[in-house]
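Visitor: Hi! I'm new to this one and would love a friendly walk through it. Could you bring it up?

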Amino acid sequence: MSRVYNFSAGPAALPETVLRECAAEMLDYRGTGMSVMEMSHRSAPFKKIIDDTEATLRRLMGIPDNYRVLFFMGGATLQFAAIPLNLMRNGRAGYVVSGNWSQKAQREAKKYGDAVVIASSEDTSFDRVPTFPASVDQDLDYVYVCQNETVFGNMMREFPQTGGVPLVADVSSCFLSAPLDVSRFGLVYAGVQKNAGPAGLTIVIVRDDLIADGPAHADICPTYLDYRVEADKGSMLNTPNCWAIYVCGKVFHWIEDTGGLQAMEERNRAKVRPLYDYLDGSSLFHGTVVPADRSIANVTFRTPSPELDAEFVEGAAERGIVNVKGHRLVGGMRASCYNAVPPEAVDALLSYMADFEASHPVAPRSR
Ligand SMILES: *Cc1c(COP(=O)(O)O)cnc(C)c1O
């Protein structure tokens with residue numbers, strides 16, 4: 001068996017210890033004589049799994065008691081619709097557009113009301129987090145942000161000041177990579193396949209009072225996307241993604257056992273710092289995001305030409321360094337250094353970059 005250095009943006013690397021535990025429990029989960037994939041979601045063993053997964057997440061993130069944790073089947077993309085369907089009561093929300101994911105969310109929300117772009121960095125190709133407005137219209141139903149824009153590689157260190165307007169955040173690609181003050185938000189959500197588990201599960205953490213009256217668009221909101229129903233049913237309106245919930249539970253324990261979110265953030269920062277330092281000193285490669293807004297998860301960079309980029313990606317694979325090709329929207333390279341990516345993977349990437357640069361000298365260039 002040999003494992004590669006996997007920089008996939010998602011589905012992405014999982015901790016090896018978690019994979020081994022899953023493998024060990026595959027044929028007989030703790031004396032049940034079956035795998036978690038084969039058991040009823042209403043059985044006692046599964047009830048224990050989902051309860052423990054939620055409890056562990058609550059401990060890890062310090063989720064206040066007045067927030068509900070919902071386990072939704074489907075991707076983060078489904079929540080682009082669920083959020084306006086549930087929360088757009090006055091028919092108007094503000095969107096910070098800092099990359100393609102927040103842009104997609106804004107376009108989807110337009111189907112259900114007025115999704116006003118209150119800040120955007122599209123004019124600089126999303127190389128940064130846009131400047132937030134000093135204040136926002138207090139009639140907005142919510143203000144929406146994507147904390148870490150996975151494709152472009154920019155990340156918010158701060159969030160807009162919204163007064164009494166609830167802040168909604170897509171944290172898919174930075175979920176559990178650092179502490180997050182949940183009480184600052186009305187709702188945070190994450191598709192788990194970036195940093196917490198297998199694809200097909202999205203975790204929504206929402207403040208009680210926002211869902212108490214049911215969905216804003218009760219007439220058209222699918223029952224399946226009704227936050228209040230999901231909360232009342234303990235995420236068991238229908239069959240949840242049992243397998244993903246189980247794996248996430250293990251990942252949450254792994255984070256806890258390795259020191260929690262503070263320690264995770266320190267490790268993640270230490271992991272990406274040498275990459276950014278290298279990019280800053282390189283004459284062949286350059287980072288694509290302004291230094292202040294660089295992601296601690298998705299490191300985006302390029303060479304002066306798409307041909308060299310392609311050669312770099314190909315050569316990487318020969319060294320067991322995989323999934324460093326940039327998103328098809330932007331090209332270039334992207335190394336996603338999520339929680340489960342070990343520092344040795346970054347070391348391998350860096351030494352390859354140095355070799356590649358040495359064998360591809362370039363004339364000094366102006367940026
Ligand atoms: C990947 C991603 C999504 C989309 O996730 P799906 O689960 O594929 O729908 C949305 N937002 C962010 C920030 C992402 O990284």
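**Salt bridges to begin with**

Guide: The structure holds 15 salt bridges, a salt bridge being a side-chain nitrogen of Lys or Arg within 4 Å of a carboxyl oxygen of Asp or Glu. This is a predicted model, where local features need pLDDT of at least 70 and side-chain atom pairs count only at pLDDT 80 or more, while totals for chains, interfaces and linings use all residues. Residues are numbered from 1 along each chain as its sequence is written, and side-chain values use heavy atoms, with hydrogens and water left out.

Visitor: Why can side chains of opposite charge pair?

Guide: They can do so when their charged atoms come close.

Visitor: Okay, which residue does Arg 3 form a salt bridge with?

Guide: Arg 3 pairs with Glu 16, and the closest N and O atoms are 3.8 Å apart. This pair links distant parts of the chain, 13 residues apart: Arg 3 is in the segment before β1 (5–6), and Glu 16 is in helix α1. Helices (H or I, at least four residues) and strands (E, at least two) are DSSP runs, numbered from the N terminus.

Visitor: Is Arg 3 buried or exposed?

Guide: In between: Arg 3 counts as partly exposed because its relative accessibility is 47%. Glu 16 is also partly exposed, at 38%. Buried means under 20% relative accessible area, exposed means over 50%, and partly exposed lies in between (1.4 Å probe, protein chains only).

Visitor: What does Glu 54 pair with?

Guide: Glu 54 forms a salt bridge with Arg 58, with 2.9 Å between the closest N and O atoms. Because they are four residues apart in helix α2, Glu 54 and Arg 58 are separated by about one helical turn.

Visitor: And where does Arg 59 fit in?

Guide: The side chain of Arg 59 meets that of Glu 256 in a salt bridge (2.7 Å, N to O). That pair links distant parts of the chain, with Glu 256 in helix α7 (residues 242–257) and Arg 59 in helix α2, 197 residues apart. Glu 256 is partly exposed at 27%, and Arg 59 is partly exposed at 46%.

Visitor: Which residues are linked in a network of salt bridges?

Guide: Those are Glu 21, Glu 25, Arg 30 and Lys 250.

Visitor: Switching topic to the ligand. Which residues come nearest?

Guide: Of the 13 residues around the ligand, the nearest are Thr 77, Thr 150, Asp 170, Gln 193 and Lys 194. A residue is near a molecule if one of its heavy atoms lies within 4 Å of it, and the cut-off for a strand is the same.

Visitor: How far is Thr 77 from the ligand?

Guide: A polar side-chain atom of Thr 77 is 2.5 Å from an oxygen atom of the ligand. For Asp 170, a polar side-chain atom lies 2.6 Å from a ligand nitrogen atom. Taken alone the ligand exposes 380 Å², and the protein buries 87% of that. Those areas come from the Shrake-Rupley method with a 1.4 Å probe; for residues, only the protein chains shown count as cover.

Visitor: Where does the largest share of the shell come from?

Guide: Helix α3 (residues 76–87) provides that share, with three residues.

Visitor: Any backbone quirks? What is the peptide bond from Gly 10 to Pro 11?

Guide: The bond from Gly 10 to Pro 11 is cis, with omega near -10 degrees. Pro 11 sits in the loop between β1 and α1. Most peptide bonds are trans, and most residues other than glycine have a negative phi.

Visitor: What about the phi of Phe 126?

Guide: Phe 126 is not a glycine, yet its phi is positive, about 55 degrees. Phe 126 is found in the loop between β4 (114–120) and β5 (143–146), and counts as buried because its relative accessibility is 5%.

Visitor: And Asn 323? Where does that one lie?

Guide: Asn 323 lies in the loop between β13 (321–322) and β14 (333–336). Phi of Asn 323 is positive too, near 65 degrees, and Asn 323 is partly exposed, with a relative accessible area of 42%.

Visitor: Last one: how far apart are Ala 335 and Asp 65?

Guide: They are 270 residues apart in sequence and 36 Å apart in space, C-alpha to C-alpha. Ala 335 is in strand β14 and counts as buried, at 0% relative accessibility.

Note on methods
A polar contact is a pair of N or O atoms within 3.5 Å; within protein, one must be able to donate a hydrogen and the other to accept it, and residues adjacent in sequence count only if both atoms are side-chain atoms.
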